[in-house]
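Visitor: I am new to protein structures and would like a close look at a single part of this one. Could you walk me through it slowly?

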Amino acid sequence: MKRFTLFTMTLLWASLSYAQNCETLVCNTSGLIYELPLEQDYFPIPATDFIEEDQACPTTKALAIYSAWEVGFEETSIADFTPDFSGARDTLWVSQCHESTYVVYVYRQLSDGTVQGCEAYALLGIAIGSGLCLPYAGIPSGLVRTPADEPVTNVQVRLSATEGVVHEHYTGTTGQYSVGRVGVPGPHTLTAARADSVANGVTTLDLAIITRHILGVDPITNPYYLLAADVNQSGTVSILDLIQIRRVILGITTRFPASPSWRFVPADYVFPNLENPWQEPFPEEINFDADEVPNIPTNFIGIKMGDVNDSASSN
C-alpha cells in the first residue's frame, strides 16, 4: 500500500497550483463492477466511468486511463510515467483474460498543462475455465522513431492474433505505444501504419540528393534513406522514382502509386548489406508467440517515403 500512498501524494502536489480553479481529481474507489460478455473478446472501460460527477472540471483538456501493469507498480515508475493525452488512451480495453480485480490509474490534464490523477479499481465478471486465456501475458509496448531518432506520432500500432485484430493504439508525442495485454495463446503480429500527406517532407532537395545518388556523385549509404527513395518499390533507386517524387512536389498527384506515405521496419532488424537493403526481404512487422512477451524487441523505425534528408514532420 505504500506505493499507492506515494502516488496519491505526488499527484496531489502536482495539482495544488491549480486547486483554486479546479478540485483535485478524485476517483470512485468503491470498485466498479463489469460483467464481460462471453461473445466479446475485448470490452471497453472509459476513463469517465471512474470520475465522480461532482469532479467535472470545465478546464479539462483530456483524460487518460491505464492499468497498473502498464504504469508499473514501482514508485519510481509511477512518478516518471507520462500519460498520453492524445485521446488514444481515454478508454481501457479489458478481456476475459484479465485478473478479476483490476487496478487502474486515471489521469486528467487541465488546460494549463497541469496533470492530476487518482487510483481506482474495477471488478471484472470473468468466465472461468475456458482454457483460452493467458492471464499474466505481457503487454507489448515500444517506441516508433525516425532514422534520425525523432519520435513519430499518430502511428497506428496494431496487435493481431490468428482470429483477427486484438487491439490497437496510436503513438503519442514521445512516439511511445502500449497495446492491450496479450490474452490468447499462439502467434501474434505487431504492425505499424501512418497515413498522412505523402508530400510531407518531400522537396526539391530530395530530388537533388537522389539525382546525385543515381549519378554516383554522392551515393546514399543509409539503408532507411535508400528505402525512402525507392517510392515505386522496385528494389532500386532510379529515374522512375524521381519522376514520381517530382509529380508529388508539383501537386500533380497526392500519392505514390506503389507505396504508402510511411513504411515501418522493426528497429532491431540488421540489414546484411547497408548499401543494398533489398538484398533480402526485410520485415515490416514483428511476429512473436504469446509466451514470448515481454521478452521481445518491439520498436519500429518509421520511413517517410520520398524524404531522404529527414525534413518530414514526424509529429
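Visitor: Is tyrosine 269 buried or exposed?

Guide: Happy to help! This is a predicted model, in which local features need pLDDT of at least 70 and side-chain atom pairs count only at pLDDT 80 or more, while totals for chains, interfaces and linings use all residues. Residues are numbered from 1 along each chain as its sequence is written, and side-chain values use heavy atoms, leaving out hydrogens and water.

Tyrosine 269 is buried, because its relative accessible area is 14%; buried means under 20%, exposed over 50% and partly exposed in between, with a 1.4 Å probe and protein chains only. Now look at its ring. The whole structure holds five aromatic pairs, meaning rings of Phe, Tyr and Trp (its six-membered ring) with centres within 6.5 Å; planes under 30 degrees apart are stacked, over 60 edge-to-face and the rest tilted. Tyrosine 269 makes an edge-to-face pair with phenylalanine 271, at 4.9 Å centre to centre and 85° between the planes. Ring pairs also bring in Tyr224 and Phe282, giving a cluster of Tyr224, Tyr269, Phe271 and Phe282.

Follow phenylalanine 271 next: this residue is buried too, with 5% relative accessibility. Phe271 belongs to the largest nonpolar core, which has 25 residues, and is among those touching the most other members, together with Ile210, Ile245, Phe256, Ile303 and Val308. Such a core is a set of buried Ala, Val, Leu, Ile, Met, Phe, Trp, Tyr and Cys residues joined through side-chain atoms within 4.5 Å.
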